[in-house]
Amino acid sequence: MKLSRELSELLHELLQLPQWVAYRIVANERKGKPDKLPLNPRDGTNAKANDASTWGTYDEAVRYASEHGLVGDLGGIGFEFNNDGYAGIDLDDVVLSEGTLKSFADEVVRLMDSYTEYSPSGKGLHILFKLNVPLLEFGSRRRNDELGIEIYDTGRYFTITGNVYGELKPLSERTETVRKIYDKYLSRARMIMRIKAFYVCLRAIEKLSLVYLRMISCWILCLVPSMERKFTPCLTVIYQAMEMTRAGLI
């Protein structure tokens with residue numbers, strides 16, 4: 001799929017880089033949605049995100065996709081990010097049935113204010129932009145699957161459809177904006193996930209503690225029956241305290 005003259009001029013910086021691939025859409029029943037298999041546009045072998053020798057030029061990618069019928073629902077072309085100042089945000093399944101966006105996606109698109117296009121499915125969006133620093137300066141996390149947002153500047157390729165979302169905008173520098181988006185939707189998301197995991201661990205420990213406490217109490221009462229009168233009231237208080245803690249009463 002060759003981009004229009006207008007888009008070619010708008011994205012001319014990317015078109016000059018030998019970081020292009022073709023891709024083929026293949027079914028994936030396990031995931032429940034198709035995969036987009038990146039292909040070396042020079043020989044049709046699998047392209048690798050960490051191997052620039054498996055990429056090609058924009059013209060080579062367009063030619064390979066055209067000659068092998070990789071258009072529309074069958075495939076297309078894509079751009080490999082290579083930690084060279086270009087990056088992208090992938091918003092997955094954010095386009096609602098009436099054509100509007102999920103609230104968080106609408107905020108991200110408005111804040112970024114850079115070139116944005118529909119994904120091949122038409123249900124997601126890709127935002128392309130420029131960065132002055134590597135994404136690693138913001139943190140190591142690259143995705144929030146709960147919301148459906150991913151940010152990459154290396155190790156990944158984005159399909160390029162040319163199906164523009166909203167107003168046609170240039171490829172803009174958005175380092176500080178991405179920093180804010182990263183903090184809100186990826187850093188905080190990671191913290192919340194850790195808190196949830198910690199809570200699950202605490203509940204598991206609580207349940208185990210209760211089980212062991214009951215085992216120990218039975219063992220003591222079996223060995224020293226005379227302790228029952230003094231020990232049972234103490235156990236009752238402990239059990240009640242643990243139940244109240246679990247119910248959030250103390």
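How many bridges join strand 1 to strand 3, and do these strands run parallel or antiparallel? In the predicted model, strand 1 (residues 20-26) and strand 3 (residues 75-82) are joined by 5 bridges and run antiparallel. Within strand 1, Val 21 has Gly 78 of strand 3 standing opposite. Helix 3 packs on the sheet, where strand 1, strand 2 and strand 3 are touched by the helix. The direction of helix 3 makes about 30 degrees with that of strand 1.

The sheet is open and consists of 4 strands in the order 2-1-3-9, with antiparallel pairing. Its edges are formed by strand 2 (35-39) and strand 9 (154-160). Each of these edge strands has a single partner strand, so one side of each is left without a neighbour in the sheet. From one strand to the next, the twist averages 40 degrees.

Tyr 58 belongs to helix 3, which spans residues 58-67. With a relative accessible area of 5%, Tyr 58 counts as buried because this value falls under the 20% cut-off. Apart from neighbours within four places in sequence, the residues in contact with Tyr 58 are Lys 2, Leu 3, Ser 8, Leu 15, Trp 20 and Ile 77. Leu 14 is separated from Tyr 58 by 44 residues in sequence, while the C-alpha to C-alpha distance between the two is 8.5 Å.

Key: Residues numbered from 1 in each chain as written. Predicted model: local features only at pLDDT ≥ 70, side-chain atom pairs only at ≥ 80, totals over all residues. Heavy atoms only, no water. Helix = DSSP H or I, 4+ residues; strand = E, 2+ residues; numbered from the N terminus. Buried < 20%, exposed > 50% of the residue type's maximum accessible area, 1.4 Å probe, protein only. Contact = heavy atoms within 4.5 Å. Pairing = 2+ DSSP bridges. Axes fitted to C-alpha atoms, helices over the stretch in contact; angles between N-to-C directions.
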